[in-house]
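Me: Please take a close look at a single part of this protein, the region around its largest nonpolar core. I should like one connected account that I can follow residue by residue.

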Amino acid sequence: MTPMPSDFFTRRLRTERERAEISQAELARRMAAVLGTKVDPSAVTRIEQQQRAVRLDEAVAAAQALDLPLVMLLVEDPAAENQRRLHEYLTELAAVEGQWNRSRAEIDRLTVAIKALTDERIQLARAQPSTPPLDPELAEAIDARVPLDESERRGWERED
């Protein structure tokens, strides 16, 4: 039969309580302080012996009383679970970084293309004074995306 989270919880609760070198009565007192209500020490005993189900608020209070994240009481091997999650997140991070690098390369490619067309537009305006000025919205969009110096900008903004 597959162990349930409550099975892990009861074993881990006892292990972590003993590691903290506190009695069941002390754990009950600390849980009561977190919950703001009385917790009988026999409740901790019965929970650890799986004679009584733990309520969610009690589980959270026990974790806080032991100064542990709740997940550490819900898995059989917290170190292995931590390592598994670290591996999962590192794998995910690597994939996202790859996407970001591809996006960054595409942004660079498009920026270079816009800059080349802008330079071409400037040369065209100089060679053919009848070239109409750039649409103001387009000019503003280019300004926001591609750094141009003032002489380049003037090249497409003819004075009428």
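Reply: Helices here are DSSP runs of H or I with at least four residues, strands are runs of E with at least two, and elements are numbered from the N terminus. The model is predicted, so local features require pLDDT of at least 70 and side-chain atom pairs pLDDT 80 or more, whereas totals for chains, interfaces and linings use all residues. Residues are numbered from 1 along each chain as its sequence is written, and side-chain values rest on heavy atoms, without hydrogens or water.

L13 is a suitable place to begin. This leucine sits in helix α1 and is buried, its relative accessible area being 2% (buried is under 20%, exposed over 50%, partly exposed in between, with a 1.4 Å probe and protein chains only). Beyond its neighbours within four places in sequence, L13 contacts L27, I47, E48, A62, L66 and L73 (a contact is a pair of heavy atoms within 4.5 Å). By contrast, D135 lies 122 residues from L13 along the chain, and their C-alpha atoms are separated by 69 Å.

L13 belongs to the largest nonpolar core, which has 18 residues (such a core joins buried Ala, Val, Leu, Ile, Met, Phe, Trp, Tyr and Cys through side-chain atoms within 4.5 Å). The members that touch the most other members are F9, L13, L27, M31 and L66. Helices α1 (5–19), α2, α3 and α4 (56–65) each give two or more residues to this core. The largest share, 5 residues, is that of α4. In soluble globular proteins, nonpolar side chains tend to be buried together.

F9, another of those highly connected members, has a long list of partners. With residues up to four places away in sequence left out, F9 touches I47, V54, A59, A62, L70, L73 and L74. Two of these, I47 and A62, are also contacts of L13, and L73 is likewise shared by F9 and L13.

A59 gives the view from the other side of one of these contacts. This alanine lies in helix α4 and is buried at a relative accessible area of 7%. Outside the four-place window in sequence, A59 touches F9, V54 and L70. E137 is 78 residues from A59 in sequence, and the C-alpha atoms of the two are 59 Å apart in space.

T10 is a residue of helix α1, and at 7% relative accessibility it counts as buried. Beyond four places in sequence, T10 touches I47, E48 and Q50. V54 is 44 residues from T10 in sequence, with 8.7 Å from C-alpha to C-alpha. Q50 itself is found in the loop between α3 and α4. Q50 is partly exposed, with a relative accessible area of 45%, and although not a glycine it has a positive phi of about 55°.

The packing of the helices completes the picture. The axes of α2 (residues 24–35) and α3 (residues 41–48) come within 8 Å and cross at roughly 110° (axes are lines fitted to C-alpha atoms, for helices over the stretch in contact, and angles run from 0 to 180 degrees between N-to-C directions). This crossing makes α2 roughly perpendicular to α3 (under 35 degrees is roughly parallel, over 145 roughly antiparallel, 65 to 115 roughly perpendicular and the rest oblique). Q24, A25, L27, A28 and M31 of α2 make the contact with P41, V44, T45 and E48 of α3. By class, these residues are 6 nonpolar, 2 polar and 1 charged (Ala, Val, Leu, Ile, Met, Phe, Trp, Tyr, Cys and Pro are nonpolar, Asp, Glu, Lys and Arg charged, and the others, Gly among them, polar).

Helix α2 also packs against α4 at an angle of about 110°, with the axes 8 Å apart, and α2 and α4 are therefore roughly perpendicular to each other. On the α2 side, L27, R30, M31, V34 and L35 take part, and they meet D57, E58, A61, A62, Q64 and A65 of α4. This contact has 7 nonpolar, 1 polar and 3 charged residues. L27 and M31 of α2 thus appear in the contact with α3 and in the contact with α4.

After α4, the loop leading to α5 (78–127) contains D67. D67 is exposed, with a relative accessible area of 69%, and its phi is near 55°, a positive value in a residue other than glycine.
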